[in-house]
Amino acid sequence: MEFIKQFIPDVIVVEPRVHGDERGYFMETFRQDLFEEAVGYTVNFVQDNESKSSKGVLRGLHFQLAPHAQSKLVRVIDGSVLDVAVDIRVGSPTFGQHVAVELSGENKRQMFVPRGFAHGFVVLSDTATFAYKVDNYYSPDCDRGLAFDDPQLNIDWRLSSEQLMLSDKDTKQPLFTQLPECFNYSINYYD
């Protein structure tokens, strides 16, 4: 596995080694020792999740407040998505900036989204199966989000607004500037 730090260095793309022949392929999707060495701290994943969505479905931008904040290790089993992580850590030099990476069943990349980031994705293919590990359980009381179309975030979702399908909840998320400071994370969230 290769771990590639993005321009926001805490967001990491994982490139697996895929071993294949005419029978198919094999790859490791996770190895705790290599993962911890790459991120620089211990992340204890507690749950695996999976969703299937149609083209244009946009899920996010979501995050959870402490004590239920979550890190995610995300990947696409089949299809293709644009995966986005927005830095919401107060004091971070990349506060309010984002990383966007295409993940697909073909490229088999994964992206690590640490605590202190809002996260979302949009399906680019006809359908996509999206899988992810989390290091904390979901808590409805701690669930928050950001407006996907916030002009300050300036995210290019690669699809027109007419092609996008969002939940009612995701159409009503606040702008980045409307987030109370107490919702944001400090840079040293894992300390």
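Let us start with Leu 153. Setting aside its neighbours within four places in sequence, Leu 153 makes contact with Leu 61, Val 86, Gly 96, His 98, Leu 146, Ala 147 and Phe 176. Please bear in mind that what we are viewing is a predicted model. Where does Leu 153 sit? Leu 153 belongs to the loop between strand S14, residues 143-145, and strand S15, residues 185-186. Is Leu 153 buried or exposed? Its relative accessibility is 4%, and Leu 153 therefore counts as buried, the limit being under 20%. Tyr 132 is 21 residues away from Leu 153 along the chain, and the C-alpha atoms of these two residues are separated by 24 Å.

The next residue to consider is Asn 154, which lies in that loop between S14 and S15. Asn 154 is exposed, because its relative accessible area is 61% and the term applies over 50%. The backbone of Asn 154 also deserves a remark: phi is near 55 degrees, a positive value in a residue other than glycine.

A positive phi is found at Lys 108 as well, with a value near 60 degrees, and this residue too is not glycine. Lys 108 is placed in the loop between strand S10, residues 98-104, and strand S11, residues 110-113. With a relative accessibility of 15%, Lys 108 counts as buried.

I return now to one of the contacts of Leu 153, namely Leu 61. Leu 61 is part of strand S6. The peptide bond that joins Gly 60 and Leu 61 is cis, with omega about 5 degrees. A cis peptide bond also joins Ala 66 and Pro 67, where omega is about 10 degrees. Pro 67 lies in the loop between S6 and strand S7, residues 72-78.

Strand S6 leads us to strand S12. Strand S6, residues 58-64, is joined to S12 by three bridges, and the two run antiparallel. Within this pairing, Leu 58 stands opposite Val 122 of S12. Strand S8, residues 80-87, is likewise antiparallel to S12, and seven bridges join them. Here Asp 87 has Phe 117 in S12 as its bridge partner.

How many of the residues of strand S12 are buried? Seven of the seven, from 117 to 123, are buried, so strand S12 is largely enclosed by the rest of the structure. On one side of S12, the residues pointing outward from the strand are Phe 117, His 119, Phe 121 and Val 123. Ala 118, Gly 120 and Val 122 point the other way, and both sets are buried.

Let me close with the chain as a whole. The protein chain contains one helix and 15 strands. A compact globule of 191 residues would have a radius of gyration near 16 Å, and the protein chain agrees with this because its value is 16 Å. Along the principal axes, the C-alpha atoms fill a box of roughly 55 × 45 × 30 Å. Of the 191 residues, 49% are buried. Among contacts between residues at least 6 apart in sequence, 81% join residues at least 24 apart. The chain exposes about 9,700 Å², of which carbon and sulfur atoms supply 47%. Finally, there are 18 positive and 28 negative side chains, and the centres of these two sets lie 3 Å apart.

Key:
Residues numbered from 1 in each chain as written. Predicted model: local features only at pLDDT ≥ 70, side-chain atom pairs only at ≥ 80, totals over all residues. Heavy atoms only, no water. Helix = DSSP H or I, 4+ residues; strand = E, 2+ residues; numbered from the N terminus. Rg over C-alpha atoms; globule rule 2.2 N^0.38 Å. Buried < 20%, exposed > 50% of the residue type's maximum accessible area, 1.4 Å probe, protein only. Contact = heavy atoms within 4.5 Å. Areas by Shrake-Rupley, 256 points an atom, 1.4 Å probe, with all protein chains shown as cover. Lys, Arg positive; Asp, Glu negative; His and termini not counted. Charge placed at Lys NZ, Arg CZ, Asp CG, Glu CD. Pairing = 2+ DSSP bridges.
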